[in-house]
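Work through the following exercises with the sequence and the model side by side. Each task is followed by its solution.

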Amino acid sequence: MGYYMPPWAYAQLQVLQQAVEATKSLDDAGLGDYIRAHSFSTVVGEIKFGAQGEWLESRVLQVQYQNITGHDIAQFRDMSTQVVVAPAEYASGGPIYPFEKAK
């Protein structure tokens, strides 16, 4: 699984490339300062980082499987049992906790 990871790895290298070209340096501190102060055009869209290096806008969906019945694998072949719980602007429902109640 992890099929979602290659675009993000490529985007990370695009951010580094753009920062190196802009600063004309490989100095870690200078690159970090530049990255925190600018936005970057990447294969996954515009990315901008905060003061601590965090994404200013979450880009990864967090999902929870809910309303699972039995042991039939077919129920996982569509989105009917997947609920997006974060980020809030894309949420299709809330998390169920403890998870045992999500079955």
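The exercises below deal with the overall form and then with one helix.

This is a predicted model, in which local features need pLDDT of at least 70, side-chain atom pairs count only at pLDDT 80 or more, and totals for chains, interfaces and linings use all residues. Residues are numbered from 1 along each chain as its sequence is written, and side-chain values use heavy atoms, with hydrogens and water left out.

**Exercise 1.** Determine the order of helices and strands, and compare the radius of gyration with the globule rule.

Solution. Helices (H or I, at least four residues) and strands (E, at least two) are DSSP runs, numbered from the N terminus. The protein has 2 helices and 4 strands, in the order α-α-β-β-β-β. The globule rule (2.2 Å times the number of residues to the power 0.38, with the radius taken over C-alpha atoms) gives 13 Å for 103 residues; the radius of gyration is 19 Å, so the protein is more spread out than a compact globule. The C-alpha trace spans about 60 × 25 × 20 Å along its principal axes.

**Exercise 2.** Find the buried side of α1 and what covers it.

Solution. Buried means under 20% relative accessible area and exposed over 50%, with a 1.4 Å probe and protein chains only. Trp-8, Ala-11, Gln-14, Val-15 and Ala-19 of α1 are buried. They lie on the same side of α1 because they cover an arc of only 130° around the axis, taken from the directions from the helix axis to the C-beta atoms. The face turned away from the buried side carries exposed Pro-6 and Leu-13. Cover for the buried residues includes α2 (28-37), β1 (39-42) and β2 (45-48).

Terms used
Contact means heavy atoms within 4.5 Å.
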